[in-house]
Amino acid sequence: MNNKNGIIALSPLIVFILIYLVTSIIAQDFYKVPISTAFLISGIYAIMSSRRGNLNERIRVFSKGASTENIMLMIWIFMLAGAFANTAKDIGCVDATVNFMLSVLPDNMILAGLFISTCFISLSIGTSVGTIVALTPIAVGLAQTTGVNINLMVAIVIGGAFFGDNLSFISDTTVAATTSQECNMKDKFRANSYIVFPVALIIFIVYIILGFDINKPPVVSQTEFSKILPYMAVFITALLGINVIVVLMVGLILTAIIGIINGSYDIFGWFASMGTGIQSMSELIIITMLAGGLFEIVNKNGGVEYIISKITSHIHGKRGAELVIGIMVAAVNICTANNTVAIITVGGIARKISLKYGVDNRKTACILDTFSCCMQGIIPYGAQILTVANLARINPIDIMPYLYYPYALGVFALLCIYFRFPASYNKK
């Protein structure tokens, strides 16, 4: 395909970038134009500009791409994850887990303890934004009580939140990465742990050193251990390799039983809480379907093949393929300020590159998830940092120097690609 036809085939993506990125820069607000709106307009353009078939045939191609097996699986998981996260929050699971973690922390471990608590909670609930909303007020209170720099304290929460966003079985980034690469979540977790756990351990030690002279404040309320059970059940069953839909259903049933027994809500209140959680995922579901339709048309017009031919012309072996995949997802994340959308955007292209160069699909899923989370964790206009800044009433830029975990994870991920680590995932 020549450059002219290639650019025409890719023009829907170019329209999307112009609508979302350029207008956001001009408006100086990356949430001025909703991503769903940008995808809708570029999707309409893709249908109208495609040269393959009549209008009805183009709409069918778009609809087919928006409803593939992988996308429908993602939507199922998104809905169940949203329902579980909200029902667990409504019965007090987050507060109970935080109180438990703080109660078992030794003195002078407040920074390291907050990091571990955030990692555990984000790993359990699978959402960085949800973790940040739950723990930022606690971090702010701890900063005020202990006199620790508030920017450092909230940066700890951001780092721990992305630990779970990157690794959790119910994280939307994990769902997007594994489904796009057709690999099992359990296998992706194992591969990803080689990259994530060493970095988390190093940062944990750093926080121990930084917090050595800080005294822990007393725990005010007693822990209700029954409210920790839904998170523990989800985490344990997911680790056992049980289907993620079954895992989330188990968690949902436990939130119903515990919530009704302790009087948090009745059966109708549980239904309402589930509905609120599902509705909270509505934009992500719409974005996923619109993106699937858009990229199906781009693919049918030869845009994906054109991108791969251009990118792979500079690739020499698996190392180069992995690096290109990481750079692609990070670059798209800068444009969209959304790590899940970035993975969905480049997932299909990454899969084709992986197949061409024999990259293990588990490692590709890790690269997509890790690099997108690293980038999302350091851009000051991302939802996570903006949420923290709003809750803590501080400037997002002031947090940037203290984001130790995302920076360290990005550096280590690059080193893993260069040194071909872990070696067990380098075989074809």
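The exercises below, each with a worked solution, concern the pockets, cavities, surface and salt bridges of a predicted model.

Residues are numbered from 1 along each chain as its sequence is written, and side-chain values use heavy atoms, with hydrogens and water left out. Because the model is predicted, local features need pLDDT of at least 70 and side-chain atom pairs count only at pLDDT 80 or more, whereas totals for chains, interfaces and linings use all residues.

**Exercise 1**

Describe the largest pocket by its volume, its centre and its lining.

Solution. Begin with the term: on a 1 Å grid over the protein atoms alone, a pocket is an open set of points with protein on both sides within 12 Å along at least five of seven lines, a cavity is a set of points where a 1.4 Å probe fits but cannot get out, and lining residues have an atom within 4 Å of a point. A volume is the space filled by probe spheres set on the points, which are joined across faces, edges and corners. On this basis the largest pocket has a volume of about 1,100 Å³. Of its 43 lining residues, Thr127, Val129, Gly130, Ser280 and Met281 are the closest to the centre.

Next, turn to the helices, which are DSSP runs (H or I, at least four residues) numbered from the N terminus. Several helices supply at least two lining residues each, among them H5 (93-104), H7 (128-146), H13 (267-280) and H19 (383-392). Helix H4 gives the most, with six residues.

Finally, sort the lining by class, counting Ala, Val, Leu, Ile, Met, Phe, Trp, Tyr, Cys and Pro as nonpolar, Asp, Glu, Lys and Arg as charged, and the others, Gly among them, as polar. The lining of the largest pocket then holds 21 nonpolar, 17 polar and five charged residues.

**Exercise 2**

Find which helix gives the largest share of the lining of the second largest pocket, and describe that pocket.

Solution. The second largest pocket holds about 620 Å³ of space, and of the 26 residues that line it, Thr68, Phe295, Glu296, Gly347 and Gly348 are the closest to its centre. The helices H4, H9 (172-181), H14, H15 (303-312) and H17 each supply at least two residues, and the largest share, eight residues, comes from H17. By class, this lining divides into eleven nonpolar, ten polar and five charged residues.

**Exercise 3**

State how many cavities of 30 Å³ or more the structure has, and what lines the largest cavity.

Solution. The search of the whole structure finds three such cavities, and the largest cavity has a volume of about 50 Å³. Its lining is formed by Ile195, Lys363, Ile367, Phe371, Ala413, Cys416, Ile417 and Phe421. Helices H18 (361-376) and H21 (404-418) are the elements that give two or more residues to this lining. Seven of the lining residues are nonpolar, none is polar and one is charged.

**Exercise 4**

Locate the nonpolar surface patch that includes Tyr418, and examine the chain after H21.

Solution. Nonpolar patches join side chains of Val, Leu, Ile, Met, Phe, Trp and Tyr within 5 Å, in residues with over 30% relative accessible area and no salt bridge; accessible areas come from the Shrake-Rupley method with a 1.4 Å probe, and for residues only the protein chains shown count as cover. Tyr194, Val411, Leu415, Tyr418, Phe419 and Phe421 make a patch of about 620 Å², to which H21 gives the largest share, three residues. Tyrosine 418 lies in H21 and is exposed, with a relative accessible area of 53%, where exposed means over 50%, buried under 20% and partly exposed in between. In the segment after H21 stands proline 422, and the peptide bond that leads to it from phenylalanine 421 is cis, with omega near -5°.

**Exercise 5**

Explain what the salt bridge of arginine 420 and glutamate 322 ties together.

Solution. A salt bridge is a side-chain nitrogen of Lys or Arg within 4 Å of a carboxyl oxygen of Asp or Glu, and the count by this rule is six. The side chains of arginine 420 and glutamate 322 meet at 2.9 Å, N to O. Arginine 420 lies in the segment after H21 and glutamate 322 in helix H16 (residues 317-336), so the pair ties together parts that are 98 residues apart in sequence. Both partners count as buried, arginine 420 at 16% relative accessibility and glutamate 322 at 1%. Arginine 420 also has a positive phi of about 55°, although it is not a glycine.

A further salt bridge pairs aspartate 360 with arginine 362, the closest N and O atoms being 2.6 Å apart. Shared partners join Glu322, Lys363 and Arg420 into one network of salt bridges.

How values were computed
Patch = residues over 30% accessible without salt bridge, like charges linked within 9 Å, V, L, I, M, F, W, Y side chains within 5 Å. Buried < 20%, exposed > 50% of the residue type's maximum accessible area, 1.4 Å probe, protein only.
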